[in-house]
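Below is a note for a colleague who is meeting this structure for the first time. Please read the numbered points with the sequence and the structure side by side.

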Amino acid sequence: VRILGSGFQTRTVQARAVGGVLGPPKPYALVALSKTACAALSVTGQGEVETEGAGILVNSSCASALDANGQAEIEAEDGGIDVVGGVVATGGTDIDPIPVTGARQVSDPLAYLPRPTGAGLTTFAAVNVTAGPTTIGPGIYPSISVSGNGKVKMQAGTYVIKGGGISASGNGRVEDDANGDGQGVFIFNACAD
(Lines give C-alpha, C1' and ligand atoms only; values in the text may rest on other atoms or scores of the structure.)
Protein backbone atom coordinates (compact mmCIF):
# COMPACT_ATOMS: atom_id res chain seq x y z
CA VAL A 1 0.00 0.00 0.00
CA ARG A 2 2.30 2.73 -1.35
CA ILE A 3 0.17 5.63 -0.13
CA LEU A 4 1.29 4.80 3.41
CA GLY A 5 4.96 5.16 2.49
CA SER A 6 7.69 2.90 1.17
CA GLY A 7 8.65 1.66 4.64
CA PHE A 8 5.18 0.31 5.38
CA GLN A 9 5.13 -3.48 5.66
CA THR A 10 3.09 -5.54 3.25
CA ARG A 11 -0.13 -6.78 4.76
CA THR A 12 -2.48 -9.42 3.46
CA VAL A 13 -6.05 -8.21 3.28
CA GLN A 14 -8.96 -10.62 3.22
CA ALA A 15 -12.63 -10.00 2.69
CA ARG A 16 -15.67 -12.13 3.35
CA ALA A 17 -19.21 -11.50 2.17
CA VAL A 18 -22.34 -13.17 3.41
CA GLY A 19 -25.58 -12.87 1.48
CA GLY A 20 -29.14 -13.74 2.25
CA VAL A 21 -32.69 -12.55 2.29
CA LEU A 22 -33.44 -9.90 4.89
CA GLY A 23 -37.01 -10.47 5.97
CA PRO A 24 -39.25 -8.66 8.40
CA PRO A 25 -37.77 -7.92 11.82
CA LYS A 26 -40.08 -10.41 13.54
CA PRO A 27 -42.57 -13.12 12.57
CA TYR A 28 -45.85 -11.93 11.08
CA ALA A 29 -48.93 -14.00 10.34
CA LEU A 30 -50.41 -11.24 8.16
CA VAL A 31 -48.47 -8.74 6.04
CA ALA A 32 -50.26 -6.10 3.94
CA LEU A 33 -47.42 -5.49 1.47
CA SER A 34 -48.43 -2.32 -0.40
CA LYS A 35 -46.00 0.47 0.40
CA THR A 36 -48.43 3.30 -0.46
CA ALA A 37 -52.06 2.10 -0.34
CA CYS A 38 -54.48 3.82 1.99
CA ALA A 39 -56.59 1.29 3.93
CA ALA A 40 -54.02 -1.37 3.00
CA LEU A 41 -55.65 -3.32 5.84
CA SER A 42 -59.31 -2.43 6.25
CA VAL A 43 -61.69 -4.04 8.74
CA THR A 44 -65.25 -2.73 8.88
CA GLY A 45 -68.61 -3.42 10.48
CA GLN A 46 -68.29 -6.34 12.85
CA GLY A 47 -65.39 -7.84 10.91
CA GLU A 48 -62.63 -9.52 12.86
CA VAL A 49 -58.96 -10.22 12.15
CA GLU A 50 -57.10 -12.33 14.67
CA THR A 51 -53.64 -13.89 14.50
CA GLU A 52 -52.09 -16.42 16.84
CA GLY A 53 -48.39 -16.81 17.55
CA ALA A 54 -47.29 -13.96 15.27
CA GLY A 55 -48.07 -10.33 14.56
CA ILE A 56 -49.56 -8.12 11.87
CA LEU A 57 -47.55 -5.74 9.66
CA VAL A 58 -49.15 -3.00 7.55
CA ASN A 59 -46.31 -1.92 5.24
CA SER A 60 -48.00 1.20 3.80
CA SER A 61 -46.81 4.72 4.60
CA CYS A 62 -50.31 6.22 4.07
CA ALA A 63 -51.77 8.19 6.98
CA SER A 64 -54.69 5.71 6.99
CA ALA A 65 -52.67 2.55 6.26
CA LEU A 66 -54.72 0.63 8.85
CA ASP A 67 -58.40 1.57 8.70
CA ALA A 68 -60.92 0.09 11.14
CA ASN A 69 -64.45 1.24 11.79
CA GLY A 70 -67.76 0.14 13.23
CA GLN A 71 -67.47 -2.73 15.71
CA ALA A 72 -64.34 -4.14 13.99
CA GLU A 73 -61.89 -6.20 16.02
CA ILE A 74 -58.19 -6.66 15.27
CA GLU A 75 -56.18 -8.84 17.62
CA ALA A 76 -52.55 -9.95 17.54
CA GLU A 77 -51.64 -10.33 21.20
CA ASP A 78 -48.69 -12.68 20.63
CA GLY A 79 -46.90 -10.59 18.00
CA GLY A 80 -48.25 -7.07 18.08
CA ILE A 81 -49.46 -4.80 15.30
CA ASP A 82 -46.85 -2.74 13.42
CA VAL A 83 -47.89 -0.02 10.98
CA VAL A 84 -45.49 2.00 8.82
CA GLY A 85 -47.98 4.84 8.30
CA GLY A 86 -50.96 5.78 10.40
CA VAL A 87 -54.05 4.21 11.96
CA VAL A 88 -57.64 5.41 11.62
CA ALA A 89 -60.04 3.75 14.07
CA THR A 90 -63.61 4.96 14.47
CA GLY A 91 -66.79 3.70 16.09
CA GLY A 92 -66.47 0.95 18.67
CA THR A 93 -63.34 -0.54 17.11
CA ASP A 94 -61.30 -2.84 19.36
CA ILE A 95 -57.60 -3.16 18.45
CA ASP A 96 -55.40 -5.20 20.78
CA PRO A 97 -52.61 -4.43 21.39
CA ILE A 98 -52.43 -0.77 20.44
CA PRO A 99 -50.68 -0.56 17.05
CA VAL A 100 -47.12 0.72 16.91
CA THR A 101 -46.86 3.32 14.12
CA GLY A 102 -43.68 4.40 12.36
CA ALA A 103 -42.55 0.81 11.87
CA ARG A 104 -39.70 0.12 9.46
CA GLN A 105 -40.94 -0.48 5.92
CA VAL A 106 -39.84 -3.87 4.63
CA SER A 107 -39.27 -5.33 1.20
CA ASP A 108 -41.57 -8.12 0.11
CA PRO A 109 -40.20 -11.10 2.10
CA LEU A 110 -41.54 -13.45 -0.58
CA ALA A 111 -40.19 -11.52 -3.59
CA TYR A 112 -37.59 -14.19 -4.29
CA LEU A 113 -40.32 -16.77 -4.85
CA PRO A 114 -41.94 -17.19 -8.27
CA ARG A 115 -45.57 -16.07 -8.53
CA PRO A 116 -47.94 -19.01 -8.08
CA THR A 117 -49.17 -20.08 -11.51
CA GLY A 118 -52.08 -22.09 -10.24
CA ALA A 119 -50.73 -25.19 -12.00
CA GLY A 120 -52.25 -28.24 -10.40
CA LEU A 121 -54.91 -26.21 -8.60
CA THR A 122 -58.62 -26.64 -9.28
CA THR A 123 -60.55 -23.60 -10.49
CA PHE A 124 -63.71 -22.87 -8.51
CA ALA A 125 -66.58 -20.40 -8.82
CA ALA A 126 -66.67 -17.32 -6.60
CA VAL A 127 -67.49 -18.02 -2.95
CA ASN A 128 -70.27 -15.93 -1.40
CA VAL A 129 -71.31 -17.08 2.08
CA THR A 130 -74.00 -15.21 4.01
CA ALA A 131 -74.96 -17.74 6.71
CA GLY A 132 -73.50 -20.79 8.40
CA PRO A 133 -70.09 -22.38 8.05
CA THR A 134 -68.58 -23.37 4.69
CA THR A 135 -65.24 -25.16 4.31
CA ILE A 136 -63.27 -24.58 1.11
CA GLY A 137 -60.12 -26.18 -0.24
CA PRO A 138 -57.03 -24.85 -2.00
CA GLY A 139 -57.55 -23.65 -5.55
CA ILE A 140 -58.19 -20.69 -7.83
CA TYR A 141 -61.14 -18.43 -6.98
CA PRO A 142 -62.40 -15.21 -8.62
CA SER A 143 -63.30 -13.90 -5.14
CA ILE A 144 -64.20 -14.95 -1.61
CA SER A 145 -66.90 -12.96 0.16
CA VAL A 146 -68.36 -13.57 3.61
CA SER A 147 -71.16 -11.52 5.13
CA GLY A 148 -74.08 -11.73 7.56
CA ASN A 149 -73.40 -14.62 9.93
CA GLY A 150 -71.34 -16.59 7.41
CA LYS A 151 -68.06 -18.31 8.16
CA VAL A 152 -65.50 -19.62 5.65
CA LYS A 153 -62.90 -22.11 6.86
CA MET A 154 -59.91 -22.45 4.54
CA GLN A 155 -58.15 -25.81 4.47
CA ALA A 156 -54.34 -25.78 4.35
CA GLY A 157 -52.81 -25.04 0.95
CA THR A 158 -52.44 -22.38 -1.74
CA TYR A 159 -55.30 -20.09 -2.76
CA VAL A 160 -55.03 -17.85 -5.83
CA ILE A 161 -57.63 -15.08 -5.83
CA LYS A 162 -57.98 -13.61 -9.33
CA GLY A 163 -59.24 -10.06 -9.25
CA GLY A 164 -62.01 -9.98 -6.66
CA GLY A 165 -60.05 -10.26 -3.43
CA ILE A 166 -61.34 -11.45 -0.07
CA SER A 167 -63.94 -9.50 1.88
CA ALA A 168 -65.68 -10.05 5.19
CA SER A 169 -68.51 -7.84 6.45
CA GLY A 170 -71.28 -7.97 9.02
CA ASN A 171 -70.46 -10.88 11.34
CA GLY A 172 -68.67 -12.72 8.53
CA ARG A 173 -65.49 -14.60 9.40
CA VAL A 174 -62.65 -16.08 7.37
CA GLU A 175 -60.33 -18.45 9.20
CA ASP A 176 -57.92 -21.27 8.56
CA ASP A 177 -58.91 -24.84 9.29
CA ALA A 178 -55.41 -25.84 10.43
CA ASN A 179 -56.49 -27.32 13.77
CA GLY A 180 -53.00 -26.73 15.15
CA ASP A 181 -51.37 -29.24 12.79
CA GLY A 182 -48.67 -26.81 11.64
CA GLN A 183 -50.06 -26.53 8.12
CA GLY A 184 -50.89 -23.07 6.86
CA VAL A 185 -52.88 -21.17 4.28
CA PHE A 186 -51.04 -19.19 1.58
CA ILE A 187 -53.20 -16.61 -0.20
CA PHE A 188 -51.95 -14.99 -3.39
CA ASN A 189 -54.20 -12.05 -4.29
CA ALA A 190 -53.63 -11.74 -8.05
CA CYS A 191 -54.87 -9.53 -10.86
CA ALA A 192 -57.79 -10.72 -12.99
CA ASP A 193 -55.56 -12.39 -15.63
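1. Across the whole structure, which is a predicted model, a search finds three salt bridges. One of them is formed by glutamate 48 and arginine 173, whose closest N and O atoms are 3.1 Å apart. This pair links distant parts of the chain, since glutamate 48 belongs to strand 3 (residues 48-50) and arginine 173 to strand 16 (residues 173-176), with their positions 125 residues apart in sequence.

2. A salt bridge is also formed by lysine 153 and glutamate 175, where the closest N and O atoms are 3.9 Å apart. Here too the pair links distant parts of the chain, with lysine 153 in strand 13 and glutamate 175 in strand 16, 22 residues apart. The side chains of glutamate 175 and arginine 173 meet in a salt bridge as well, at 3.1 Å from N to O. Through shared partners, these salt bridges join Glu48, Lys153, Arg173 and Glu175 into one network.

3. Are the members of this network buried or exposed, or do they fall in between? Glutamate 48 has a relative accessible area of 28% and is therefore partly exposed, and arginine 173, at 31%, is partly exposed too. Lysine 153 also counts as partly exposed, because its relative accessibility is 24%, while the cut-off for a buried residue is under 20%.

4. Stepping back to the chain as a whole, the reader will find zero helices and 17 strands. Buried residues make up 31% of the 193 residues. Of the contacts with a separation of 6 or more, 45% are between residues that lie 24 or more positions apart.

5. Strand 13 deserves a slower look, beginning with valine 146, which is found there. Valine 146 has a relative accessible area of 0% and is therefore buried. Leaving aside neighbours within four places in sequence, valine 146 is in contact with Val129, Lys151, Val152, Ser167, Ala168, Ser169, Gly172, Arg173 and Val174. Among these partners, alanine 168 is 22 residues away from valine 146 in sequence, and the two C-alpha atoms are 4.7 Å apart in space.

6. Serine 147 also lies in strand 13, which covers residues 144-154. With a relative accessible area of 18%, serine 147 is buried, because the cut-off is under 20%. Not counting residues up to four places away in sequence, serine 147 touches Val129, Thr130, Ala131, Ser169 and Gly172.

7. Where does asparagine 59 sit? Asparagine 59 is found in the loop between strand 4 (55-58) and strand 5 (66-68), and with a relative accessibility of 0% this loop residue counts as buried. Apart from neighbours within four places in sequence, the contacts of asparagine 59 are Ala32, Leu33, Ser34, Lys35, Val84, Arg104, Gln105 and Val106.

8. Turning to the surface, the chain exposes about 11,400 Å², and carbon and sulfur atoms supply 50% of that area. A patch of negative charge gathers Glu50, Glu52, Glu73, Glu77, Asp78, Asp94, Asp96 and Asp176. One of these residues, glutamate 73, lies in strand 6 (residues 73-75) and counts as partly exposed, with a relative accessibility of 33%.

9. There is also a nonpolar surface patch of about 380 Å², made by Leu110, Tyr112, Leu113 and Phe186. Leucine 110 is found in the loop between strand 10 (100-101) and strand 11 (127-136), and at 39% relative accessibility leucine 110 counts as partly exposed.

10. Two backbone details remain for the reader to check. A cis peptide bond joins aspartate 96 and proline 97, with omega about 0 degrees, and proline 97 is found in the loop between strand 9 (94-96) and strand 10. Alanine 39 has a positive phi of about 55 degrees, although this residue is not a glycine. The place of alanine 39 is in the loop between strand 1 (28-32) and strand 2 (41-43), where alanine 39 counts as partly exposed at 31% relative accessibility.

Technical notes. Residues are numbered from 1 along each chain as its sequence is written. This is a predicted model: local features need pLDDT of at least 70, side-chain atom pairs count only at pLDDT 80 or more; totals for chains, interfaces and linings use all residues. Side-chain values use heavy atoms; hydrogens and water are left out. Helices (H or I, at least four residues) and strands (E, at least two) are DSSP runs, numbered from the N terminus. Buried means under 20% relative accessible area, exposed over 50%, partly exposed in between (1.4 Å probe, protein chains only). Contact means heavy atoms within 4.5 Å. Accessible areas come from the Shrake-Rupley method with a 1.4 Å probe; for residues, only the protein chains shown count as cover. Patches are made of residues with over 30% relative accessible area and no salt bridge: like charges are joined within 9 Å, nonpolar side chains (Val, Leu, Ile, Met, Phe, Trp, Tyr) within 5 Å. A salt bridge is a side-chain nitrogen of Lys or Arg within 4 Å of a carboxyl oxygen of Asp or Glu. Lys and Arg count as positive and Asp and Glu as negative; His and the chain ends are not counted. The place of a charge is taken as NZ of Lys, CZ of Arg, CG of Asp or CD of Glu.
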